[in-house]
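Please open the structure in your viewer and keep the selection tool at hand. The tour moves from stop to stop, each time saying what to select and what is found there.

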Amino acid sequence: MTRFTSSLATAFTTTLLILTMNITSADTVSIDTLIAGMTLEEKAGQMTQLDLMVVTRKGAEPIELDPEKLREAVVTHKIGSFINNGVGHALTIKEWTYVLEEIQGMIRKENPRPIPLLYGIDSIHGATYVRDATLFPHQIALAAARNPELAAISARISAAETRAAGLRWTFAPVLDVGRQPLWARFPETFGEDPLLATRLGVATVQGFQGDDLGSPGSVAACLKHYIGYSHPETGKDRSPALMPDWYLREYFLPPFTAAVRAGAKTVMVNSGEVSGVPVHGSKYLLTDVLRGELGFNGVIVSDWEDVIRLHTWHKLADSPVEAVRMAVEAGLDISMVPLDYSFATLLVQLVRDGKISEKRIDESVRRILTLKQELGLFENPAVEAAAAVGFGKPEYRKAALDSAIEAMTLLKNQNNTLPLSDKTRVLVTGPTADSITALHGCWSFTWQGDDPKWYPEGTRSVVDAIRGRIGDSNTIFHQGVSFDGSDVDIDAAVRAASTSDVIVLCLGEEAYAETPGDIHDLDLPAGQLELARRLQATGKPVILVLIEGRPRIIRPIEPACSAILMAYWPGSGGAEAIARVLFGDENPSGKLPFTYPRHSNHLVTYDRKYTHSLGEISAPGETKVITSDPQFEFGHGLSYTTFEYTHLKVEPAILKKGGKALVSVTLANTGKRAGKECIELYSRDLFASLTPPLKRLRDFRKVELAPGQSTTITFELTPDQLAFVNGNSETVTEPGDFELMIANLKAPLRYEN
Ligand code: BGC
């Protein structure tokens, strides 16, 4: 195997060397030489991405590639990229090694001009498709942790475990800002705030890519899904979004802008349409904005089948060939076709017919080959020995546990119900209590994540972790109801409640991904609420643990819950993290990265406007406050200790163009145990040329304080942090009065040009 790998490596390096003989300067020149010798078919092949299932033997376990089908792909069509796992579930490192050696080996042996294949994979919260990989909390949970360092560490480990399988390109992070909680991909986002998504997105890109893409611990990141995917009007996946340009730029563009500037190598396009234009066909969004304004010079890849769908779904292109023309002219480099050769064939036809210039194709091929070169694929295209040793290190589990712990968000804790003592006799119940799949959510060893068969042996559920913590004799388990709310045995759970001291009621959602996760409203299934009500009627304290990717409505059962812990989809360390927080080994410090709605049809974000909150005048001079009473506000999250904020100061109180203000605040831990707290600085523009939101997050920092300890922290605020995108799509800071807010403290600030 090692011999095979090294001979592969030699072959590809030699290709590049032979082709670059006489050339002494930079790498880009050698790529140009390579391109100069390529046929049009080879170039179209480089721009084509197929699903591995196109070349696998159906039903074979372990995976087997079909040599004839593989030959058709990589020799006849010179396909440049594959995705996915080919069989519907994660593969072992050994299987991945086999897959890559077969593919790269055939390219080397049978192609006169062998160009290594680039494999892309959805390592979304860990190496999704590598058996026994460590899975981290989903992005929504990392956003609750408010700790960019943790996001970077999880991405770094995810990169190491991905590359250990020979895969060097991940389709992550998701930089869609999650402002529509009904959307099935909400859990994949960093929540509703652009700044949070920006900071965590940049940290994630840095974690994936490191300082050097060629290093065995790095993978290329893919910012997705550019742009406007996360706010579909109906909440359904891949359905239309309506966004004025200023709105798109204000709320959805910033994370992409920052991550492009941080050096992200690739971008995946939004499958949906924005204001009537499918993004795959939008030259404005892909070329003018992404390449022109943001300066992105990496690879733009389509999402699944989305070039074909410009014709079949969106009805923008009146033929398949027109769809290819539109997407390529809009700026696409690689089409995730992914099940046939239509894109490559039609692209060749378009160039031959003079409808697309070969120069345009060369631009894309140059970007693709440059990426392959930066990833070290020409040197060694298979699994690198130095990368393989990066898999499964014990410290990865610890990192997953640490992130899960920091994500845990304590939403309610009446009379300090939590933490529980070790001696408590606990009934653990509900559909998520004994489910390992609900803890991991989507992209967990399978696309949907809902098949426990592919999870590592010994993966623990919440009830397992509680048993491990307080022993069998003090832990009673009855599921009560299933995920869809059907009665498994509610009566048994209710009977068991009488023999317990407290009830840990685990409700929420089973794993789901993309369109299969579409729902029509956010209400919890009636049976889950029924279980809660029956248990609440016993009079025993009910501790609600929410294991869910998006906020499901708990209004009917919240008042009778003594405590509520939001766990999101916390991944490999999730069960342990929940148990450790419930029993006080850890002090929770997560803060909601979204506004938790009280009603399914009343969805607002924290940066809502005055008119979201003020009703009509019901009598002269009287303004009636009618709405915006979310169940829990963005940023809400309790601790087992108490914090006090004092001394908010802003200096100077008048900020001038080009200047900065220092905003300081003192935070004291006034409770009895150590705790972490995320300090959040908000601003409010009192009057603006577009109606201003009530507040916007401008900066945040997480600190840890011992009991009795206090600290003063200072944020530097510049005028651009007070800017917004106006109705002409210009980013402006308008002179006038602002209010700065940290916790319950407020201070004025004036901005003068
Ligand atoms: C998803 C992408 C994903 C791609 C490849 C698509 O259905 O929208 O997020 O990267 O499949 O698996």
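Which residue lies over the face of Phe700? Select Phe700 and look above its ring: Arg199 is placed over the face, at 5.1 Å from the ring centre. Please bear in mind from the outset that this is a predicted model.

**Charges over rings, and a buried serine**

Select Tyr682 next, where another residue lies over the face of the ring, namely Lys695, at 4.1 Å from the ring centre. Then move to Ser683, which belongs to strand 22, residues 675–685. Ser683 has a relative accessible area of 4%, and because buried means under 20%, Ser683 counts as buried. Show the side chain of Ser683 together with that of Arg698, and you can trace a polar contact of 2.9 Å between the two side chains.

**The ligand and its shell**

Now select the ligand and display what surrounds it: Asp122, Phe171, Arg185, Lys224, His225, Arg238, Met268, Asp303, Trp304, Met336, Trp443 and Glu514. How do the residues of this shell divide into nonpolar, polar and charged? Five are nonpolar, one is polar and six are charged.

Within that shell, begin with Asp122, whose side chain has an N or O atom 2.5 Å from an oxygen atom of the ligand. Go on to Asp303, where a polar side-chain atom also lies 2.5 Å from an oxygen atom of the ligand, and then to Arg238, where an N or O atom of the side chain is 2.7 Å from a ligand oxygen. How much of the ligand does the protein bury? Taken alone, the ligand exposes 310 Å², and the protein buries 95% of that area.

Stay with the shell and select Arg185, one of the residues that surround the ligand. Arg185 is placed in the loop between strand 4 (169–170) and helix 8 (194–209), and with 1% relative accessibility it counts as buried. If you add Glu188 to the selection, you will find a polar contact of 2.9 Å between the side chain of Arg185 and that of Glu188.

**Aromatic pairs**

Phe171, another residue of the ligand's surroundings, leads to the aromatic side chains. Over the whole structure, a search finds 16 aromatic pairs. For one of them, select Trp169 and Phe171: their ring centres are 5.0 Å apart and their planes stand at 75°, so the pair is edge-to-face. Is Trp169 buried or exposed? Trp169 has 0% relative accessibility and counts as buried, and Phe171, at 1%, counts as buried as well.

Then select Tyr247 and Phe252, an edge-to-face aromatic pair with 5.7 Å from centre to centre and 65° between the planes; both Tyr247 and Phe252 are buried. To see an aromatic cluster, select Phe186, Tyr568, Phe594, Tyr596 and Phe632 together, since these residues form one such cluster.

**Backbone details in the loops**

The next stops concern the backbone, and one background point is useful here: most residues other than glycine have a negative phi, and most peptide bonds are trans. Select Glu61 and Pro62, which are joined by a cis peptide bond with omega at about 0°; Pro62 is found in the loop between strand 1 (48–51) and helix 4 (67–76). Further along the chain, the peptide bond from Glu651 to Pro652 is also cis, with omega near -5°, and Pro652 has its place in the loop between strand 19 (643–651) and strand 20 (654–656).

Turn next to Lys78, which is not a glycine and yet has a positive phi of about 55°; this lysine is located in the loop between helix 4 and strand 2 (81–83). Lys315 likewise has a positive phi, of about 60°, without being a glycine, and it lies in the loop between helix 12 (306–312) and helix 13 (320–330). Lys315 is exposed, with a relative accessible area of 62%.

**A last stop**

Finally, select Leu418, in the loop between strand 11 (409–413) and strand 12 (426–429), where it counts as buried at 1% relative accessibility. How far is Leu418 from Gly235 in space? Draw a line from C-alpha to C-alpha and it spans 35 Å, while in sequence Leu418 and Gly235 are 183 residues apart.

How values were computed: Residues are numbered from 1 along each chain as its sequence is written. This is a predicted model: local features need pLDDT of at least 70, side-chain atom pairs count only at pLDDT 80 or more; totals for chains, interfaces and linings use all residues. Side-chain values use heavy atoms; hydrogens and water are left out. A residue is near a molecule or strand if one of its heavy atoms lies within 4 Å of it. A polar contact is a pair of N or O atoms within 3.5 Å; within protein, one must be able to donate a hydrogen and the other to accept it, and residues adjacent in sequence count only if both atoms are side-chain atoms. Accessible areas come from the Shrake-Rupley method with a 1.4 Å probe; for residues, only the protein chains shown count as cover. Ala, Val, Leu, Ile, Met, Phe, Trp, Tyr, Cys and Pro count as nonpolar, Asp, Glu, Lys and Arg as charged, and the others, Gly among them, as polar. Helices (H or I, at least four residues) and strands (E, at least two) are DSSP runs, numbered from the N terminus. Buried means under 20% relative accessible area, exposed over 50%, partly exposed in between (1.4 Å probe, protein chains only). Rings of Phe, Tyr and Trp (its six-membered ring) pair if their centres lie within 6.5 Å; planes under 30 degrees apart count as stacked, over 60 as edge-to-face and the rest as tilted. A charge sits over a ring if NZ of Lys or CZ of Arg is within 6 Å of the ring centre and within 35 degrees of the ring normal.
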